[in-house]
Each structure stands twice: as structure tokens, then as C-alpha cells.
Amino acid sequence: MKIRRIGLILAVVLSVAGLVPALIIGPDPATGRIGIVPMVIAVFAAVATVTTLALLVPAWRGGARASMIIAVLQLAGILTALPAFFAPTELAPPGGVVLAALGTLLAVAIFTMIIFDASVWMLHLVTVIIIVALYAAGVAVLTSLV
């Protein structure tokens, strides 16, 4: 129960954190238009955040369906990170790929925490994954600074 609740809290934090950059998407300087992919990502991020917030209380109380929907939304949220991996170097913001990789690892960890609720070894595995992801992100950031 505790692991699932930690996963639910992390799901809310990740959803809200992912909503902020999705909503500040600006038009392409060359054309003056917003592309279809950024619009789809912004709409998906908004829907995922609102749905996660709406289902938080039923999932917190033990609702299996609400928990499953939040877990699937977190896993589907990985799709919003794909443009960062495939964008040309001049278009990707500094550290964008590192943040996308960290968000992907965190989304998988949250999915695991919500779905596999009762085992201690799963908590240890998720903790190790998060620590390795934070270490990798720190090394990547420091490498880019140096």
C-alpha cells in the first residue's frame, strides 16, 4: 500500500512537471506556426495531468481501476519524450535528452510502484533505478558544463 501511494505521489509530481514545458511551446520562428506534434504533446500532457489529479483520491483509497489508469498514463507519458531523442542537435535544448531519459526512467519506476504494490524487493529495485538515473543525469549535466 505504501509503495503504491509513493508511486501515486510521484505520478502527480511527474505529470505536473511535464505539463509546464508542454504549455510553453511557441511557434516555429521560420513559419510562425505551431506544429502538429507539439500540439498533440501539449494536449496529451494536459489530459494526462487532469486525469491523474482527478483519479488521485480514488486510487489513494485503493481503487484498482483508478490506479491502473494512472499507471498506464505514466507509461504513455514516455511518448511525449520521444521528440527529444530524435530532434536534431541544434533544436534540442541543452540537457533535453538527459531530462527526457530521466523522465522515462521515472515513469517506468512509477508504473512499477503502482502496479506491483506489495513487495519489498520491488521497492529496492525502483530505488536503485532512480539512484542510477539521478547519477547518470548528474554526470551528463556536469560533463556538459565542463
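What pattern does the protein chain follow when read along the sequence? In this predicted model, the chain follows the pattern α-α-α-α-α-α, with six helices and zero strands, where helices (H or I, at least four residues) and strands (E, at least two) are DSSP runs numbered from the N terminus. Residues are numbered from 1 along each chain as its sequence is written, and side-chain values use heavy atoms, with hydrogens and water left out. Because the model is predicted, local features need pLDDT of at least 70 and side-chain atom pairs count only at pLDDT 80 or more, whereas totals for chains, interfaces and linings use all residues.

Of the 146 residues of the protein chain, 27% count as buried, that is, under 20% relative accessible area, with exposed meaning over 50% and partly exposed in between (1.4 Å probe, protein chains only). About 9,100 Å² of the chain is exposed, and carbon and sulfur atoms supply 78% of this area, as computed by the Shrake-Rupley method with a 1.4 Å probe. Among contacts (heavy atoms within 4.5 Å) between residues at least 6 apart in sequence, 68% join residues at least 24 apart.

The largest nonpolar core, a set of buried Ala, Val, Leu, Ile, Met, Phe, Trp, Tyr and Cys residues joined through side-chain atoms within 4.5 Å, has ten residues, namely Leu 8, Ala 11, Leu 55, Ala 59, Ala 66, Ile 70, Ala 71, Ile 110, Phe 111 and Ile 114. At least two residues of this core are supplied by each of α1, α2 (36-60), α3 (64-76) and α5. Ala 59, one of the core residues, is in contact with Arg 4, Leu 8, Ala 66, Ser 67 and Ile 70 when its neighbours within four places in sequence are left aside.

Helix α5 (residues 96-115) has 20 residues and should span 28 Å at 1.5 Å a residue, which agrees with the 28 Å between its end C-alpha atoms; the expected span is 1.5 Å times one less than the number of residues. Buried residues in α5 include Gly 96, Ala 100, Thr 104, Ala 109 and Met 113. Ala 109 lies 16 residues from Leu 125 in sequence and 8.9 Å from Leu 125 in space, C-alpha to C-alpha. Leu 125 is found in helix α6 (residues 120-145) and counts as partly exposed because its relative accessibility is 38%.

Val 13, placed in helix α1 (residues 2-23), counts as exposed because its relative accessibility is 51%.
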